[in-house]
Amino acid sequence: MDGKNIVLGVSGGIAAYKACELLRRLKAAGHDVTVVATESALKFVGIATFEALSGNPVSTDVFTDVPTVRHVAIGQQADLVIVAPATADLLARTASGRGDDLLAATLLVSRAPVLMAPAMHTEMWTHPATVANVATLRSRGVTVVPPAVGRLTGPDSGPGRLPDPEHLAQLAELLLAADPAHHPLPFDLAGRRVVVSAGGTREALDPVRFLGNRSSGRQGYAIALVAAARGAEVTLVAANAALADPPGVVVRPVVSAVELQTAMREAVASGTDAVVMNAAVADFRPADPAAHKIKKTADTGPPAIELLENPDILAGLVADRGADRRPVIAGFAAETGDDTTSPLEFGRQKLARKGCDLLVVNRVDGGRGFETDHNAAVILRTGGDSVDVPFGPKTVVAAAVCDALAAALAQPGDPVATNLSTPTADSTDLNTRGATT
Ligand code: CTP
């Protein structure tokens, strides 16, 4: 992607130091970043740090560089405004349309997409005033990312940590990559429970070795990240993924296919609207894993390993559904195709065989799809139609999967009768990108 103009707003919380890492990532991706800090942000990080990392001057008030009308120009030129961290005070000022410093004025002027990452103490985050301000901002199309849960500034823990800068950078790339007419992060999954599996299962051969696969978990993590940013309550069943927990997502680590099946069943049994089976599940497991490390012995040669078939978790989840066909279920298929059959044709056969509502087909020949941040996919729907997702960041595929889930969920009792290309009523309302703040 060509470099874009990004405004990085920084308000005054201890997490301001993490804005430096986000700034580095945005610069490394080739963007021109202008930092607009509040006065109090500069009590945490010095102006020289932001200026050196961004290569642009940093100011806080509307009276600096008046002849260039900076308080208007910065917002007008922005392709994206990110505020990280966004304090309770900044959220309140933005929700009420204040323009009392350069950051507030920039947020009033800009018509670009806005991504806000709140960070504050749990009491402030859950205060009714903050809850109302966040709801106001979301109703205007602003993406307010749920804070991460964990250790806060003092000895206390809870929701309120700034999400990992990597996750914020991924959401920023999604907003920049999207067609301006289609908001990739509407708040349309609010009140929905979504269970996602990710990563690759490992089937023990002995205490140190396993049969595994190349799945890094990045695509499933991207789906969890995007679904949570769109308001869903997300459980991520993660098989051996060495990735940071996405903000607002409950992560359940597992190792083997059997553990994955148990975790998925438990998560789905507690009430779920949609399931995305993204994990690469080993089809077979060693029948009798050795209790001790298998030794190389000259006289017996290589050991024979007997395999047992693993359960088909996706097909099992489909079979467990009632007549209402809830939850909506999406599978993934990583296909290479062969001499006679295309990856897409294999995908159609798999969709019919598994009985799920949606199947996301990726081509994985030539090293595509694995261990990268980019992917391309075709989302197949039972009934025959499909959506092409061109090569791009994995968050773009994730947003397309969330669009498909939201569309299916918008049809009560008939998740497969929805045309994927039709935005839901909710997302249409929120597709006024950058219309406010
Ligand atoms: N899957 C599953 N349980 C398995 C194998 C696969 O739930 N034991 C799910 C995957 O999570 C994915 C979908 O089924 O959503 C397709 O996985 P894939 O490995 O492509 O399909 P297989 O059923 O293994 O078919 P094949 O190996 O013949 O391609």
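**Reading the domain interface and the sheet**

Reader: Across the interface of domain 1 and domain 2, how many residue pairs are in polar contact?

Author: In this predicted model, the rule finds one residue pair in polar contact across the interface of domain 1 and domain 2, with both residues at pLDDT 80 or more. The count of salt bridges between the two domains is zero.

Reader: Which helix gives the most to the side of domain 1 that touches domain 2?

Author: Helix α8, residues 165-177, gives the most to that side, with five residues. The residues on this side of domain 1 divide into eight nonpolar, two polar and one charged.

Reader: Where do the domains lie in the sequence, and what area is buried between domain 1 and domain 2?

Author: Domain 1 covers 5-177 and domain 2 covers 193-409. About 1,000 Å² is buried between domain 1 and domain 2, and carbon and sulfur atoms give 77% of this area. P146, H167 and L174 supply 46% of what domain 1 buries against domain 2, more than any other three residues.

Reader: How should one read the pairing of strands in a sheet?

Author: Strands of a sheet pair through backbone hydrogen bonds, either parallel or antiparallel. Here an open sheet of five strands has the order β2-β1-β3-β4-β5, and its pairing is parallel.

Reader: Why is one side of β2 and of β5 left without a neighbour in the sheet?

Author: β2 (32-37) and β5 (143-144) stand at the edges and each has a single partner strand, so one side of each has no neighbour in the sheet. Elsewhere, four bridges join β1 (residues 5-10) to β3 (residues 80-86), and G9 stands opposite V83 in β3.

Technical notes
Residues numbered from 1 in each chain as written. Predicted model: local features only at pLDDT ≥ 70, side-chain atom pairs only at ≥ 80, totals over all residues. Heavy atoms only, no water. Domains from an automatic or database assignment. Buried area = accessible area lost by both parts, 1.4 Å probe. Salt bridge = Lys/Arg side-chain N within 4 Å of Asp/Glu carboxyl O. Polar contact = N/O pair within 3.5 Å; in protein donor to acceptor, adjacent residues only side chain to side chain. Helix = DSSP H or I, 4+ residues; strand = E, 2+ residues; numbered from the N terminus. Nonpolar A, V, L, I, M, F, W, Y, C, P; charged D, E, K, R; others polar. Pairing = 2+ DSSP bridges.
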